[in-house]
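I am keeping a notebook on this structure. Each entry records what I looked up and what I found.

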Protein chains: 2
Amino acid sequence: MDYRKTLDFLLHDWLDVGSLQSRSRFADHTRETFSAVLDTCEKIARDKFAPCNRLMDEQEPWLDGVTVRQPEGCAEAFEAYAHSGMLAASDDYEVGGMQLPCTVEIAANSFFSRANVSLSSVPMLTSGNARVLVAHGTPLQQQVFAIPQFSGKFGGTMCLSEPQAGSSLSDIATRATPDGTDYEHDPLGPRYRLRGNKMWISNGDHELTENIVHLVLAKIPSPDGKLISGPKGISLFVVPKKLVHANGELTGERNDVVVAGLNHKLGYRGAPNTLLNFGEGAFPARGESGAIGYLVGNPHEGLRYMFHLMNEARLAVGVSSTMLGYAGFESSLEYAKGRLQGRPVGPGGKDCSKPQVPIIQHADIKRMLLAQKSYCEGALALGLYCAKLIDEQRTGTPEASSEAALLLEVLIPVAKAWPSEWCLEANNLAIQILGGYGYTRDFPVEQLWRDNRLNMIHEGTHGIQGLDLLGRKVVMQQGAGLALLTRKIQETIDRAKRAEKFAVEVGALSNALERLNFATRNAWATGSPDDALANATLYLQAFGHVVLAWTWLDVGLCACFQLDTGRMEQDLCKGKLAALEYFYRYELPKIEAWLCVVETRAATCRLTEAEWL
Amino acid sequence: MDYRKTLDFLLHDWLDVGSLQSRSRFADHTRETFSAVLDTCEKIARDKFAPCNRLMDEQEPWLDGVTVRQPEGCAEAFEAYAHSGMLAASDDYEVGGMQLPCTVEIAANSFFSRANVSLSSVPMLTSGNARVLVAHGTPLQQQVFAIPQFSGKFGGTMCLSEPQAGSSLSDIATRATPDGTDYEHDPLGPRYRLRGNKMWISNGDHELTENIVHLVLAKIPSPDGKLISGPKGISLFVVPKKLVHANGELTGERNDVVVAGLNHKLGYRGAPNTLLNFGEGAFPARGESGAIGYLVGNPHEGLRYMFHLMNEARLAVGVSSTMLGYAGFESSLEYAKGRLQGRPVGPGGKDCSKPQVPIIQHADIKRMLLAQKSYCEGALALGLYCAKLIDEQRTGTPEASSEAALLLEVLIPVAKAWPSEWCLEANNLAIQILGGYGYTRDFPVEQLWRDNRLNMIHEGTHGIQGLDLLGRKVVMQQGAGLALLTRKIQETIDRAKRAEKFAVEVGALSNALERLNFATRNAWATGSPDDALANATLYLQAFGHVVLAWTWLDVGLCACFQLDTGRMEQDLCKGKLAALEYFYRYELPKIEAWLCVVETRAATCRLTEAEWL
């Protein structure tokens, strides 16, 4: 089944994305403009991104003296992306944007992560950087640093982690001190000198753009030179690789930022991942060591600014992960249709004199294909649903907006974590279908598996997502988020009750929902975070499976309607219904094993001592 | 906990391997000779195998004209292995062996797969090849082709697969035709000319040994030139890379076998994996094209001969997979003890002014360590148990021998498949513990994950193991194998009943065992293989988890005894008991989700049509 058909089905038939056109922000758009964007992106992804995907894996970025170099083809591909306007797809007209719904933007970007996830990280980070500046920077900071990113003239990074501070961001040690006595009077914002080492900086250096805009978290020491411990001490700075005048032109000077090294990774090899040293004096800026950076917004609010677009960033990671899974699904489906091996076992055994059959005829191969389909199309549906909630949050009525915001709080950890776990498993199954061939680098599936392994680690590890969900999101506002989600799921159940054929699913999802609420209460029954959170990752897994079961039932209702009314290709609808059936029979029952640990607050792990291991 | 301590605990305290010394075959051995073998292997693995592990991954084997080349260090490491006598560790004195129990041999070899799994495949295949010849070859074939492999002078391969025949071996198309009119009178055995292409041949060429002995499956055409379809047509040939005289000396001529290419793989990169073309005339042997090969045993019995040592081969793969998992467990444990990140969450939240703690203090990190421990140590225990069954089969009383053989039938699919799935998951968790660092090639865990991914594919894929288990092993002899396993598990349950502290485990394992038998009957209730086998892989998973739960309870009983009697290091015993508790709380409950599909003969996958996907 062609991916585009599934995407269109989810966008139009399921989510009714066209209904957004009634909002004034999207008034210039029509189904045709949405389709044109998807067409353009599908084509650029196929013609420019896909061809250099394996090349970028094999020829990792290298450090040529001081600059990171990449193989040919990358620059041309990024240029095509920038030229399409997608860097500001959902942004305001006044900053050069297209004011597309987030839903369409995410759908359009899915083609790029499917074709070349490493390269697609460049626009993802660049747009994200520019958006933080639009939200929190001064008009001049926006003009000088954000607009050129939306046009693709500059690239952007997010410099958060340090060697000693990964998940624990409050422990960053990069310092920002005022640059001269006139530091408060720079038109580009209060000017500081930054000194410190940043780790894991994706696209921290490259030659795809004329300049690179680093957004850097750093601490401003108090007058006694001490750093404020914890997140409160953190401020946000914009630090260009090459210095710029207030009119936006390059001054011709380099800033004191140097690539200290490249990380050599398991996957995502095409994306340069750098260690950046700020202010160590390698390139003294205006005669002095220290990287020049301009404060964004107020001091001490940096973490909040940086996390302003956290939901979007985590959702984007989830959808990237989904598309890596989807690419493997497509490869293994094609292989399974063509590869001849074995014969069906009849009542009398196998008849070896008959020709071999395509392996897609074997039940176990179909199982592995259905599993991939249920993981990847389910995750895609959830990702698009969350994107539409973001549109709702931004453009809906006040009530709809706050409801969407609340629902996003509980869904984002799932939208990020679930695909990173299960679409990785999809890649694992794709390798298995190809067998020995899948284990070679002659086929794409092994790279997809390596690439996808990153997604459980960055943008908040799996463990962090579990703690966020069980420790914050489902308990905040007296559990209002979980209550809202429960109502939403119940609405789908109620609609499904009217369709006789979903009796099994209605019963299973109702039970699962009750079980999930019960486990949530029991996890917190003692009120102790130690007790509640000891099994937070398993809670995250169970929560995710319930959310996906809900998503599938909702998608299935739509597919069933399309099938019954004869309005859509039968095979497409039957495929969705088969994936739904697979998910309910093979996947949803797994939540029992996870929840029984959560609800009994099993202390096995918590109480194990390091010396026993 | 040092690996050697766990190994010694399992061998001596749990399995009582010393009891084998009462068998005449092992009469020359003592606990001291066993320990000396383990000491030697541990040292060679550490000093010679481990140092070239990453190097062999980074500098893949390359084809230098006609010969496969490998980086320095490999030859010296293999030489040290050969010098230790381990190539014939369990073989008869008269072929140069040490007559060690298989249990000790497998335990000793575990050090090598833990240190360098690619290199350890050379001795594994060489010994396996020689053993097939000892079992089925003529005395002269043994003298000329097997003995030099036991000494490490020659290397060995197993040439089964072809591009069109992987899992479906009966479809091989390599032909063997009589070589001249005197073909039956060659002292080395009936002489044939082989022509065909073999695929996925590990160590198909290298310079570690003076010659390479290929064991090749091929078909002898009937007088009308046709090949017999199916496995019955397959015969076994010994095909040396360089021709040899009947006195064993090289004649100086090459045989007509050529490396057509190398497979570039995801992992196991250090092991050259070759496409071998036989008899295409690149090196005409004695003036003619066609690779010269000598028939082993009778025609048409080749598959049976080759599979003679199938149990040992599959067990060896399972233990390799286990040790890859174990190596990741050790790496991530060490990292977790040293890496500072984050703080415990107290009732009032986190106190950021306190120093960061080692991540091993976080419950979720301990969960991932306990999971790895329960997977890898459990799999190791099962592997050693199976090895002891092989010793029992070979040297026990007739009753004990046939009981051991029957038990092996049902356990070998698990001993191969379970570690390949769950010790791979252990490697996944090891990466997660290291976070971003685990995703880089500066740490060993990513390579272990890549290496281990092969084990679900070779030596019979996961799907094939499931079909073997549910389609043959548990139904053969009216289910005698499953009935025997059920009795064995019940014996452990009965012993555990006497120890009050295992009440939960006794109940859980009893239920699981009943469930497994019920599901087996129900899967076959209609008598149709289509119905029964549609979910064979899920049956394999559930079966494996029950077997491992049994293994852990048995190991736990031993650890408990050691702890109560104060005879063993407390931490070691407590660690085993924590892993046991983890397995029962977190793992065993998973079988419900798998078995409910099996026992209802869910047809979701089987009935899905290719066009819907």
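The entries below go from the chain interface to the domains and then to three helix pairs.

**Entry 1: the model**

I noted before anything else that this is a predicted model. I read every value below with that in mind.

**Entry 2: where the chains touch**

I looked up how many residues of chain B are in contact with chain A. I found 74 residues of chain B in contact with 74 residues of chain A. I then asked which elements of chain B give two or more residues to the side that touches chain A. They are α9 (310-338), α10 (363-395), α11 (398-434), α13 (462-473), α16 (529-533), α17 (536-564), α18 (570-587) and α19 (591-599) of chain B. Of these, α18(B) gives the most, with 8 residues. I also sorted this side of chain B by class and got 32 nonpolar, 24 polar and 18 charged residues.

**Entry 3: how the copies are related**

I looked up the movement that superposes chain B on chain A. It is a rotation of 180 degrees, with 0.0 Å of shift along its axis, and the RMSD is 0.0 Å. The two copies are thus related as by a two-fold rotation axis. In chain B, I found that the C-alpha nearest the axis belongs to B:Lys590, at 3.2 Å from it. I also checked the interface residues of chain B, and 100% of them are interface residues in chain A too, so the copies meet through the same surface.

**Entry 4: domains of chain A**

I turned to the domain assignment of chain A, which gives domain 1 (3-300), domain 2 (301-460) and domain 3 (476-613). I picked domain 1 and domain 3 of chain A and found their C-alpha centres 35 Å apart. The contact between them takes 4 residues from domain 1 of chain A and 5 residues from domain 3 of chain A. On the domain 1 side of this contact in chain A, I wrote down 2 nonpolar, no polar and 2 charged residues.

**Entry 5: what to record for a helix pair**

Two packed helices are described by the angle between their axes and the distance between the axes. I used this for the next three entries.

**Entry 6: α1 and α10 in chain B**

Helix α1 (residues 3-14) of chain B packs on α10(B) at an angle of about 40 degrees, and the axes are 11 Å apart. The two are therefore oblique to each other. I noted a right-handed crossing for α1(B) and α10(B). From α1(B), the residues that meet α10(B) are B:Thr6, B:Leu10, B:Leu11 and B:Trp14; from α10(B), they are B:Glu377, B:Leu380, B:Ala381 and B:Leu384. By class, this contact has 6 nonpolar, 1 polar and 1 charged residues.

**Entry 7: α5 and α9 in chain A**

I looked at helix α5 (residues 102-115) and helix α9 (residues 310-338) of chain A, whose axes come within 8 Å and cross at roughly 55 degrees. I therefore wrote down α5(A) and α9(A) as oblique to each other. Their crossing is right-handed. In α5(A), A:Ile106, A:Ser110, A:Ser113 and A:Arg114 take part, and they meet residues of α9(A) including A:Met323 and A:Tyr326. The residues of this contact divide into 6 nonpolar, 3 polar and 1 charged.

**Entry 8: α11 and α12 in chain B**

My last pair was α11(B) and helix α12 (residues 445-452) of chain B, which pack at about 160 degrees with axes 9 Å apart. That makes α11(B) roughly antiparallel to α12(B). I recorded the crossing of α11(B) and α12(B) as left-handed. Among the residues of α11(B) that meet α12(B) are B:Cys423, B:Leu424 and B:Ile431, while α12(B) brings residues including B:Leu448 and B:Trp449. By class, I listed 8 nonpolar, 3 polar and 1 charged residues for this contact.

Notes
Residues numbered from 1 in each chain as written. Chains lettered and ligands numbered in written order. Predicted model: local features only at pLDDT ≥ 70, side-chain atom pairs only at ≥ 80, totals over all residues. Contact = placed C-beta atoms within 7 Å. Helix = DSSP H or I, 4+ residues; strand = E, 2+ residues; numbered from the N terminus. Nonpolar A, V, L, I, M, F, W, Y, C, P; charged D, E, K, R; others polar. Least-squares fit on C-alpha atoms with pLDDT ≥ 70 in both. Axes fitted to C-alpha atoms, helices over the stretch in contact; angles between N-to-C directions. Parallel < 35°, antiparallel > 145°, perpendicular 65-115°, else oblique. Left-handed = near helix turned anticlockwise from the far one by under 90°. Domains from an automatic or database assignment.
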